[in-house]
Protein chains: 2
Amino acid sequence: VSLVLRVAYDGTDFHGFARQPGLRTVQGLLESALSEIYADTVLTRGASRTDAGVHALGQIVAFDARGSIPPAGLVRALAGALPPDVVVTAAWEQAGLVEPRFHNLGKRYRYRIRNARLRDPLRQRYEWLVPGRLDLSAMRDAAAHLVGEHDFASFRAADCQARSTVRRVTRISVECRLARLAHLPDKGALEQAPQIVEVEVEGGAFLKNMVRIVVGTLVEVGLGRRAPLDVFRARQAVDRARAGPTAPPGGLTLLEVLWPAPGGPDDGAQAAT
Amino acid sequence: VSLVLRVAYDGTDFHGFARQPGLRTVQGLLESALSEIYADTVLTRGASRTDAGVHALGQIVAFDARGSIPPAGLVRALAGALPPDVVVTAAWEQAGLVEPRFHNLGKRYRYRIRNARLRDPLRQRYEWLVPGRLDLSAMRDAAAHLVGEHDFASFRAADCQARSTVRRVTRISVECRLARLAHLPDKGALEQAPQIVEVEVEGGAFLKNMVRIVVGTLVEVGLGRRAPLDVFRARQAVDRARAGPTAPPGGLTLLEVLWPAPGGPDDGAQAAT
């Protein structure tokens, strides 16, 4: 039997999800807290190795069940043991040795861009500031070339270790809304009103930095620095140098790990937290 | 002639607005940046001395104009000179020696409560976590006893220096909405679904910690620990011990300093930033 946790965190002050000796990581903190609660060494397995600075609302982490703490009690105990920037929002038991990296059905990420000339200081940890009006229609046209099963070798970090670079992206959406009015100082230039642009990317698995490179490339399209069709060519080139820059980590949030229904967050086995 | 700035900041990492030698304060950083830009010592005057940890979207700060930098250029120069947790969102010139503390027509504050059992790690800097269901109707009844011109001596910090404790509160609203679903783990208990409760308080001027003590007292009412009428009695007692605890600073944001129209943010003199 495995225990499965759903975990949310503000990635700003973490050196990423994956444990690294001597560094503050989400997995490291979780394992310390769990080891203390169970008075036994607990090692965990996560669904996604989010980079330093990347946030999560629905990361999934599993470990081998032990002891007799019910899932709801574990959520409460972890709330007391973890710092305020990481919260376990649900826990449930699931048969077998659950390996979240392979057990999940996909992931959904959101990248938030503040398309404005000035930062919002209360949201700057979660937004990438991009001045200059973005052409969302061009961004959507470009994104269409990245949906489907493709070789994404152009869209991965130079040090990415994955053997296969073929991945399936099931959806990319580009939506926008006006930013709140407190940051709309110039009344005369409404077409330049600050807007929030959100890029959501859903797919099976992702290469290292893939979502951030996709967003960095789409922003180049939005700014008119490359044509939508150029993104198709960049993908076909299978060459990192042909894609755009890696967008900064703070704009990215792992919204959800898609989890098979039996024993997952949507069935009755879930702990009432 | 004065230069007037509208300033937004995340108060988490500041020792409050007001300059204090050797401490990181909003006013201190603003004065350093302005002094560097003008190559001359600049002293500023703020509308509200927000406490350590309190945020602002619409603080107002003024200083004596000098040099020939146009307001829009000043906003840009400050964007480059200030750290990401403080942003000057507008600047304009205004005749005379503007003293924002006396020139303003009032202030509008928002206090945000997360009425749930678990924190939202991506918003915890801006929310007070209050478990236990809040009775909003009782909170509104209690708030009604605090609207109007009253002696608010029961609702000020022990070390508050104000000579008169009479203040006019023009509006207190208590509104709620469901918190985002990522933090709604227990499907069986919807009446306990996480909700965000926002208390907005508008008035002329406020005593030290007044809004936070009002919120701390209203939360006691919401939790059923005191009756709405008890808040009326606490106000009449003119005794700090009769009101509730001071709510923590992170939930509070100075939304807006109400500014007279001529030369203010709503007239044509405002800089296009």
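Tutor: A crossing counts as right-handed if the near helix is turned clockwise from the far one by less than a right angle. Keep in mind that this is a predicted model.

Student: Okay, so which hand does the crossing of H1(B) and H2(B) have?

Tutor: H1(B) passes H2(B) in a right-handed crossing. Helix H1 spans residues 26–38 of chain B and helix H2 residues 71–81 of chain B; their axes come within 10 Å and cross at roughly 120°.

Student: What do I call that orientation of H1(B) and H2(B)?

Tutor: Angles of 65 to 115 degrees would be roughly perpendicular and those over 145 roughly antiparallel. H1(B) and H2(B) are therefore oblique to each other.

Student: And which residues in H1(B) and H2(B) meet?

Tutor: On the H1(B) side, look at B:Ala33, B:Leu34, B:Ile37 and B:Tyr38; they meet B:Leu74, B:Ala77, B:Leu78 and B:Ala81 in H2(B). That contact has eight nonpolar residues, no polar and no charged.

Student: How about H4(A) and H5(A) in chain A: what is their crossing like?

Tutor: Their crossing is right-handed. The axes of H4 (residues 136–144) and H5 (residues 210–222) come within 8 Å, at roughly 135°, and H4(A) and H5(A) are therefore oblique. Here A:Ala138, A:Met139, A:Ala142 and A:Ala143 of H4(A) meet A:Leu218, A:Val219, A:Val221 and A:Gly222 of H5(A). The contact divides into seven nonpolar residues, one polar and no charged.

Student: Now a loop residue. Is B:Thr50 buried or exposed?

Tutor: Buried means under 20% relative accessible area. B:Thr50 has 6%, so B:Thr50 is buried. Find B:Thr50 in the loop between strands E2 (45–46) and E3 (55–64) of chain B; its side chain makes a polar contact of 2.7 Å with that of B:Tyr9.

Technical notes. Residues numbered from 1 in each chain as written. Chains lettered and ligands numbered in written order. Predicted model: local features only at pLDDT ≥ 70, side-chain atom pairs only at ≥ 80, totals over all residues. Heavy atoms only, no water. Helix = DSSP H or I, 4+ residues; strand = E, 2+ residues; numbered from the N terminus. Buried < 20%, exposed > 50% of the residue type's maximum accessible area, 1.4 Å probe, protein only. Polar contact = N/O pair within 3.5 Å; in protein donor to acceptor, adjacent residues only side chain to side chain. Axes fitted to C-alpha atoms, helices over the stretch in contact; angles between N-to-C directions. Parallel < 35°, antiparallel > 145°, perpendicular 65-115°, else oblique. Contact = heavy atoms within 4.5 Å. Nonpolar A, V, L, I, M, F, W, Y, C, P; charged D, E, K, R; others polar.
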